[in-house]
Every structure is written in structure tokens, then in C-alpha cells.
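Trainee: I have the file open and no idea where to begin. Can you walk me through it?

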Amino acid sequence: MKNSVSVILSLLLSAGYVSAQSGKPIYTSDAYTIYPDRVVQGKYTAIAASATDLQSNYQSPANLFKSPVVDFKFSINGKDNEMPSGNDHHFICSGSENATPLIRFGQPDADKKIAPAGIYLKPSSQFKIRVDMRDVLGAFKTKSYYTCFNGDKIYKDDFKGLFVAGSTAPLIWDFNNLINHPELELKDPDGDGIYETTLILNKPGDANNTASLWKLSKDISAFPQYRSGYLLSDAIYNLALEEMQNAVEPDSTFRTGKEWSGVWTRDISYSIILSMAVLQPKVAMYSLMKKVQNGRIIQDTGTGGAYPVSSDRMIWAVAAWEVYKVTGDRKWLEKVYPIIKKSAADDAYNVYDRQTGLVRGESSFLDWREETYAKWMQPADIYESECLGTSVVHFQVNKVLAAMAGLMGDHKAVSGYLQQADLIKKGLNSLWLPGKGYYGQYLYGRNNKIISPRSEALGEALAVLFDAADAGKQQSVVDNTPVNEFGIPCIYPQIPNILPYHNNAVWPFVESYWAMASAKAGNETSLLRAIAAIYRPAALWLTNKENFVASDGDFAGTQINSSNMLWSLSGNIALVYKVLFGIHYSENSLEFTPFVPKALAGERSLHHFKYRDAVLDIKMSGYGNQIKSISLDGRNMSRALLPADLKGSHQVGIVLANNTVSGKSNLVPGYTAPETPVVTYAKKKLSWLKTKNAVSYRVIKNGQPIGLTKSSTFNIIAGKYAEYQVVAVDAKGVSSFASEPVSVIPATAQQIIEAETITGKSELPYQGFTGCGFVEVSKTTITKLDIPVNIVRTGTYIIDLRYANGNGPINTENKCAIRTLTVDDSFAGTIVLPQRGKGEWSNWGYSNGIKLKLSKGKHIVSLYFKNANENMNININQAMLDHFRLIRAGDN
């Protein structure tokens with residue numbers, strides 16, 4: 001079929017079928033070119049034969065030149081626990097049938113072989129892997145636990161399985177998701193301690209083909225009809241309308257994608273904001289209400305058991321507000337306001353940082369831990385981080401709540417929400433990178449936070465769109481945020497040894513938000529590049545894919561993907577509505593702020609566009625982002641506003657001023673940061689292995705740099721509590737993530753209070769605790785613990801808990817335990833006890849730490865469950881508590 005399409009494309013081109021303008025590119029880069037009716041990328045071409053007909057000869061090259069070298073590592077219980085980072089096993093698949101020698105678990109390869117030049121992985125290569133686990137099983141038998149390279153203990157009762165992670169599909173490096181891939185689990189059927197599995201590598205049918213022909217097959221006449229002088233644009237719009245209808249389930253809720261059934265909070269919300277509020281308001285309402293439980297918005301995905309480790313569920317509120325602005329439905333406003341208000345109250349309690357003004361929790365939509373965070377970061381660390389995207393979402397939510405409160409007559413609440421929005425906006429200044437001209441990714445660490453200087457595409461775009469950044473910063477963000485040839489990567493630079501999904505990946509819906517931000521900032525160069533980056537994949541693949549690899553622009557190679565993706569198609573439609581025609585809504589009007597790049601100049605129309613009780617036929621000509629004249633039913637208008645009470649059918653005419661718009665786009669090549677150092681401490685010295693490509697190391701103490709060295713050791717002066725990290729820096733000045741914090745705690749600066757000394761210990765058979773037992777807390781067993789402490793010296797203290805939560809895996813489910821901490825009945829903070837592994841009740845770790853000032857004398861520290869501490873599961877909010885730790889961090 002691909003060959004026949006290539007012939008058809010050649011005939012169409014040679015026969016002069018293409019329009020007179022088709023020879024003049026709209027956008028050109030070194031990687032591809034966009035014409036009015038086609039996309040050309042190397043030997044691949046997609047062409048719009050009409051507004052309802054697209055043809056493409058694209059075929060993913062991903063399988064053609066795969067390296068025969070397979071890098072891999074074994075994993076107990078889906079954790080990176082066999083060998084230190086960077087110590088992988090290597091095997092060269094030289095034929096169709098391949099088998100590793102017997103590999104001893106935890107034993108590095110004697111040498112790394114190099115594959116001969118010009119040798120590639122054969123299609124359907126069989127790869128048998130064998131590993132000797134007798135050392136591990138022997139430790140289980142003699143000691144009841146196995147000690148990993150990093151000192152972590154895996155208890156026999158917590159052993160759930162052995163997996164393999166790696167570089168070549170179906171292998172993945174995402175350790176947290178290994179448990180979701182049965183073929184990656186090794187088995188020992190005869191019980192001899194030798195585990196094995198056989199994989200098929202480089203399968204020809206690994207979903208690397210897309211359709212070669214799309215013809216409109218659904219009736220789209222009920223939706224706005226778009227026409228322009230650019231067949232490619234028209235066809236892609238119509239393709240999105242058809243796929244939108246595929247994305248509606250029989251129960252009138254949105255389906256997230258062809259491969260993703262069900263309603264997902266963030267997916268539907270970002271889609272509704274883009275265009276689904278306009279096209280499918282009733283479906284949007286049904287879908288949003290599907291994500292409400294117990295009167296609160298559901299956080300349905302995220303690290304460590306979802307909320308509050310992930311806290312971007314509140315984008316729901318912005319979507320609900322968009323539905324109201326579009327429809328003016330008062331009953332809808334009355335329904336959603338108390339839900340948003342209740343959810344926001346919980347967030348103010350659980351995730352708002354009163355010190356920084358920012359919001360705790362995982363980056364919005366970037367919910368695969370190792371794809372955007374340092375490997376050492378546990379769910380409690382991710383909760384404690386404060387990121388750009390999620391903070392901006394909460395900034396906008398508070399503005400939305402203020403507007404809703406005003407309409408609902410809740411006038412006392414308005415100022416409080418506006419003040420909270422202002423606090424978050426001020427807090428965002430701590431993420432600003434003056435030398436780069438855009439925001440950093442997040443603040444992270446444990447008890448002392450530092451900034452990650454990576455860009456975060458969605459957060460940058462939302463900061464502009466929601467006015468979280470002031471006007472000058474908006475221009476700077478769009479001018480300076482790094483973009484690659486195929487699009488804006490989710491983060492930049494990339495993380496080493498992590499396969500594309502969020503890392504080294506472009507998501508079209510993010511590109512759509514970036515296009516809208518570029519238009520708002522008045523940057524034509526950035527806008528045109530973003531439009532091209534959205535048109536290219538949709539045309540070549542004849543569907544709206546979920547994501548693609550940033551470095552090569554191919555849909556194959558990402559960890560998972562889907563066609564007919566709701567937020568991708570919604571973003572495609574948004575280019576027409578919110579960018580080219582610039583249609584934006586307020587509570588009582590519709591405003592036009594069009595932006596048509598000069599390369600897309602000409603006449604275009606939008607027929608049968610509905611706005612509340614009005615139906616509009618809109619015609620627009622010219623280019624630029626200034627309106628020369630606008631008319632309603634032939635009468636000139638002084639402002640480009642339509643009132644909400646407009647009724648009936650009307651004609652809108654817009655003539656643009658053909659003004660020249662400047663701007664730049666920070667187009668950079670793909671780049672990968674150095675690996676994160678792994679640091680140890682002994683005898684007043686920090687030590688680490690040399691990091692590949694690093695030329696120096698920055699040493700950080702309590703969040704502040706204290707030295708730069710080319711050595712792999714650093715002497716410190718011990719005596720008082722301090723927290724140390726090391727950052728690897730390469731020759732271009734690009735930094736790695738900071739290492740896991742190493743706490744140096746003098747014995748006199750630490751109190752350990754065993755939980756079982758406060759109340760009766762649990763009889764559950766878990767191991768690995770300190771002292772003589774542990775305590776179970778849940779919604780029914782123990783709901784409050786009072787811990788008496790005696791402070792001998794006034795100062796700043798850190799309180800955290802050693803706990804276990806085996807109710808779910810690190811990366812999914814919804815059973816994060818949450819508790820409130822008070823000191824002498826005054827609120828001190830929220831303690832989060834995230835999931836650490838399904839069934840791994842002897843896997844102990846520390847919660848987030850709460851820093852507070854304590855005066856000399858006796859105090860009562862209380863840990864208890866409050867209504868605001870409900871998680872997304874509702875029924876299970878449980879953890880085991882080993883001990884409380886009180887660290888004196890400094891004098892007042």
C-alpha cells in the first residue's frame with residue numbers, strides 16, 4: 001500500500017495537481033518543509049488532495065538501523081537495585097538466536113564489547129537472558145533479607161519478582177513500569193535459582209506503520225466549517241474533527257485516545273481548555289463530573305499513590321471555568337463552584353508552601369518519575385518538590401475561584417483567592433533563571449531546596465497564557481525557551497539513559513499551548529515554528545499521535561503512544577480557533593485577537609461557529625496580529641468584542657492590518673545533561689565516582705554552593721548538621737541533577753522516638769524496623785498520636801517519620817497515606833507517606849521533612865488524620881510507622 005501511495009503522490013505532483021502556491025514553502029527547516037498542501041521530510045511526503053483527503057508514504061525508520069548492542073540491568077521488585085547507576089550489562093546480538101552467558105546478579109561485566117561497524121540488529125532476533133540468583137536466595141534463607149549495593153534491604157517476604165530493564169524494545173529503562181510488562185519478568189520454573197526469559201527484539205510489526213490514506217468518513221457538518229487557501233491546514237482541521245467524534249464514548253464522555261479508554265482528569269481538562277468546551281460542551285460537562293468523588297476533584301494518576309504527591313488535578317477547575325465562559329450555563333457554575341472550592345481548600349492545607357509561595361507536587365502531566373526527575377528521588381521527594389507547571393495551574397485556579405466567587409455572591413472569598421494567586425505569582429520568581437530568560441523546572445531536594453535549571457515546556461507556556469509571568473517575562477520566555485527542530489521538548493536538556501516518553505519527547509498538545517503562548521507574546525517566528533511542528537506529524541501519520549521522539553521526530557521509539565489522542569486533536573483545532581482567529585472568552589463576551597503569520601496570509605472563513613445563542617459566520621483576510629477593521633452584519637465595530645447576549649445568525653468580517661511582527665525562537669540541537677553523581681560520606685569526606693563527560697563538580701551545602709572541584713572527593717568540616725549534594729558539570733556548563741542529599745547528623749543533634757513507645761505496637765509480621773516494633777495507622781485503627789518531646793536548646797528543627805506503605809507500587813494507584821502534623825495544637829504541616837511498592841511492607845523509608853522553630857522546653861507533637869487528609873482511594877489511608885526523627889538543623 002505504501003508503494004501505491006508513493007506512486008499516487010508522484011502522479012499528483014507531476015500532473016500539476018498542487019495549487020499555484022504550493023511551490024512556496026510556509027515553513028522550512030533542515031529537517032522538513034511545510035507547503036500549503038503538503039509536508040516533505042526527506043523521502044517522505046504527505047499531501048492534501050482536498051480538504052477531506054490526505055495521503056502519506058511515511059514509514060518509521062526505527063527498525064532499520066537498530067544497534068545490536070543491548071544494554072540491560074536486572075531489577076528486584078521493579079527497582080533499580082542491582083548495581084550502581086552506569087553499571088549495566090552489555091550483550092551483542094550477532095544473529096537471529098542469541099543467549100547471554102549465565103550472569104550473576106549484582107556482578108558487573110568483565111569487559112564491554114564493541115559491536116563491529118555496519119552490523120545491525122536483525123529483525124525478530126531472539127534474546128534469551130539467564131541470571132544466577134542463588135546469592136540473593138541464599139541471603140533470604142540465612143538472614144531473611146538481601147542487601148543491595150546501596151545498603152537497601154529486600155526482605156524475603158517482600159520479594160515479588162525479578163525483572164530486566166534495558167535499552168532495546170521490548171526492554172524499557174522505566175523501572176517503575178517493569179511490573180506492567182509480564183514479558184520482562186524472569187522466572188525460575190525448576191527452582192534451581194537460575195532465572196530466565198526470552199524476548200523477541202526488533203519485531204517488524206512493532207506498530208511502526210501508520211495509515212497511508214485518510215478520507216473523511218464521518219459527517220462533520222454539525223461543527224464549524226473551516227476554509228482557507230491552504231489545503232493542508234483545512235484537511236488537518238477536518239481530520240481532527242473526525243477523530244474528535246471517535247473520542248466520544250457511548251456514555252457521552254471523552255475517550256483519552258485510541259489506546260487509552262476512560263476519562264483522565266488532566267487529559268480531558270487540557271483538551272477542554274484547548275477546544276472541547278467549544279465543540280463538545282455537554283460531553284465536557286459529563287466528563288468533568290466523572291472525575292469528582294466525595295465532592296472533590298479526583299487526582300487519578302501520579303507517583304506514590306496519586307494525591308498529594310501529584311497535585312495537578314486542579315486544572316479541572318480551569319476547564320470547568322472555560323465551559324462556563326463558553327456556555328454561560330448558570331446551573332453548571334453552581335454545580336462546580338463548591339467542588340472547586342472544597343478541593344482548593346484541601347490543597348491549601350496539603351500542598352501549598354507558606355514559605356516559598358509555590359505548590360508542592362509532581363510536574364503537571366509529567367507523571368513518569370524517572371522521565372523528569374533524578375533517579376534518587378522517592379515519591380516523598382517528588383511531593384516535596386515545587387514545580388513550575390503545577391504552581392502556575394494553581395495560580396490560575398485561584399484567579400478562577402475569585403471570578404466564580406464574585407458571580408456566586410461569595411464576595412468575602414474573592415480577596416482571599418486573589419491574595420493566594422498573588423503569593424504564587426511572587427513565589428514563581430524563585431524559579432526564574434535570569435541568565436537564561438525563562439523559568440527553571442522546579443525546586444527540589446529534601447530539607448534544603450535548589451532549582452533545577454531545565455526548561456519545562458508546558459509550565460513555560462502556561463505561565464505566559466495565564467499571566468503568571470508579567471509582560472516582559474512573557475516575551476523573554478517565548479524568545480528564550482529551548483526548542484528543537486521537530487518541536488518543543490517537554491524538558492531541556494534531556495536526562496541520560498532514559499528512553500523517550502517525557503524525556504527527549506515532543507507532545508503535540510504542549511506544542512499547541514506553546515503556539516498560543518507565542519501568539520500572546522507577539523512572536524511570529526515562534527508561532528510559525530510551533531504551527532509547523534503540529535502540522536508535520538498529523539499530516540505524515542494521518543492521525544493525532546500522543547507524542548514523538550524529539551531527536552528524530554518519529555512516533556516509534558517512545559515508551560508508549562496512541563493515535564486519535566484527545567488532547568493532540570484538541571490542540572490542532574485550537575490553532576484555528578484560538579490562534580488564527582484568536583477567539584477567547586470572558587464571563588460576558590467573546591473577543592477576537594487573531595494572529596496570522598505572514599506565511600499564512602490570505603482569506604479564511606469559519607462557518608457555523610456557535611457562541612451561546614448566536615451562530616457566527618466569520619470571514620477574515622490579511623495577516624499580522626492587529627485588526628484593521630471588524631464588522632458585525634456589515635456594520636463597523638469599535639472593539640473586537642461580541643456580547644454574551646447576542647442571539648441569532650450573524651456575519652463577522654475581520655480585516656487584518658498586514659503588520660510585520662518580530663520575534664525569535666531559541667532553536668537548539670538536542671542535548672543530554674551529565675549523569676547524576678552518587679555520593680557517599682565517610683571520615684569527613686564526600687566521595688563519588690567520576691561522571692562521564694563531566695569536567696568539574698559543584699558541591700552544595702544546605703542548598704548553597706560551597707566549592708567547585710575537578711576531583712571526585714571533597715573534604716568537609718563536620719560538627720553541625722548539614723546536608724550535602726554534588727552536581728556534575730560538563731564542558732558546556734550544563735549541569736546534572738544534584739545528587740541525593742547526604743545528611744551529616746551529629747549524635748547530639750538527633751532524637752529518635754520509637755513509635756511503639758507511644759502506643760501499642762502492631763502484631764503484623766513485617767521486618768526491617770528499628771527498636772522493638774512499629775505502629776499501624778489507618779482511618780480506623782489509630783487516627784491520632786501524641787508524641788511528647790523535650791527540646792534542650794531553642795532552634796530550627798526538622799521532623800520526619802520512618803514508615804512503610806505497601807498498598808501499591810511507586811508509580812500508580814491511589815493509596816498515598818496523608819496525615820496532619822501539629823506542634824502544641826498549632827498546624828505545622830502535612831506528612832505524606834506515599835506507596836513504596838505493592839506488598840512491600842518491609843520496605844522502609846522516610847517521609848517528607850517539616851522544618852519548624854521550637855523553643856526550649858516540652859512540646860507535644862501530634863500526628864493525626866483530618867478530613868483534608870483524604871486521599872483519592874477514600875477507603876485505604878494506611879501506613880506503618882517505625883519511628884519519629886527530630887533533627888536540630890540550626891540555632892534561631
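**Notes on the model**

Mentor: Start with N702: its relative accessibility is 28%, so N702 counts as partly exposed. Keep in mind that this is a predicted model.

Trainee: Where is N702 found?

Mentor: N702 is in the loop between β41, residues 694–701, and β42, residues 704–709. The phi of N702 is near 50 degrees, a positive value in a residue that is not glycine.

Trainee: Why point that out?

Mentor: Because most residues other than glycine have a negative phi.

Trainee: What is the phi of F365, then?

Mentor: About 70 degrees, so F365 also has a positive phi without being a glycine. F365 is in the loop between α7 and α8, the latter being residues 369–372.

Trainee: Buried or exposed, that F365?

Mentor: Buried, because the relative accessibility of F365 is 3% and the cut-off for buried is under 20%.

Trainee: Let me step back. How many helices and strands are there?

Mentor: The protein has 16 helices and 55 strands.

Trainee: And what box does the chain fill?

Mentor: Along the principal axes, the C-alpha atoms fill a box of roughly 85 × 75 × 50 Å. The radius of gyration is 28 Å, which agrees with the value near 29 Å for a compact globule of 892 residues.

Trainee: What share of the residues is buried?

Mentor: Buried residues make up 61% of the 892. As for the surface, the accessible area is about 33400 Å², and 51% of it belongs to carbon and sulfur atoms.

Trainee: What about contacts between residues far apart in sequence?

Mentor: Take the contacts with a separation of 6 or more: 72% of them join residues 24 or more positions apart. L162 is a useful residue to look at here. L162 and S75 are 87 residues apart in sequence, yet their C-alpha atoms are 5.7 Å apart in space.

Trainee: Which element holds L162, and what does L162 touch?

Mentor: L162 is in strand β13. Leaving out residues up to four places away in sequence, L162 touches several residues, including F74, S75, I76, F105 and V131. L162 is buried, with a relative accessible area of 1%.

Trainee: What is the corresponding story for S85?

Mentor: S85 is in the loop between β6, residues 69–76, and β7, residues 89–92. At 26% relative accessibility, S85 counts as partly exposed. Beyond its neighbours within four places in sequence, S85 is in contact with K73, K375 and E675. The C-alpha atoms of S85 and T676 are separated by 8.6 Å, and the two residues are 591 residues apart along the chain.

Trainee: And how far apart are G151 and L171?

Mentor: They are 20 residues apart in sequence and 26 Å apart in space, C-alpha to C-alpha. G151 is in the loop between β11, residues 145–147, and β12, residues 153–155. G151 counts as partly exposed, at 42% relative accessibility.

Trainee: New topic. Which peptide bonds are cis?

Mentor: Here are two. The bond from A169 to P170 is cis, with omega near 10 degrees, and the bond from Y492 to P493 is cis, with omega near 0 degrees. I mention them because most peptide bonds are trans.

Trainee: Where are P170 and P493 found?

Mentor: P170 is in the loop between β13, residues 162–166, and β14, residues 185–186. P493 is in the loop between β27, residues 491–492, and β28, residues 505–506.

Trainee: Back to helices. Which residues of α5 are buried?

Mentor: In α5, residues 281–290, the buried ones are V283, A284, M285, S287 and L288. Their cover includes α4, β18, α6 and α7.

Trainee: Does spacing in a helix matter when reading such a list?

Mentor: It helps to know that an α-helix has 3.6 residues a turn, so residues three or four places apart point the same way.

Trainee: How many disulfides are there?

Mentor: The count comes to zero.

Trainee: Why is C387 not bonded to C490?

Mentor: Because their sulfur atoms are 13 Å apart, too far for a bond, and C490 holds the closest cysteine sulfur to that of C387. The cut-off for a disulfide is within 2.5 Å. C387 itself counts as buried, at 0% relative accessibility.

Trainee: Last one: how far apart are the mean positions of the positive and negative charges?

Mentor: They are 4 Å apart, taken over 92 positive and 83 negative charges.

Definitions and conventions
Residues are numbered from 1 along each chain as its sequence is written. This is a predicted model: local features need pLDDT of at least 70, side-chain atom pairs count only at pLDDT 80 or more; totals for chains, interfaces and linings use all residues. Side-chain values use heavy atoms; hydrogens and water are left out. Buried means under 20% relative accessible area, exposed over 50%, partly exposed in between (1.4 Å probe, protein chains only). Helices (H or I, at least four residues) and strands (E, at least two) are DSSP runs, numbered from the N terminus. The radius of gyration is taken over C-alpha atoms; the globule rule is 2.2 Å times the number of residues to the power 0.38. Contact means heavy atoms within 4.5 Å. Accessible areas come from the Shrake-Rupley method with a 1.4 Å probe; for residues, only the protein chains shown count as cover. Lys and Arg count as positive and Asp and Glu as negative; His and the chain ends are not counted. The place of a charge is taken as NZ of Lys, CZ of Arg, CG of Asp or CD of Glu.
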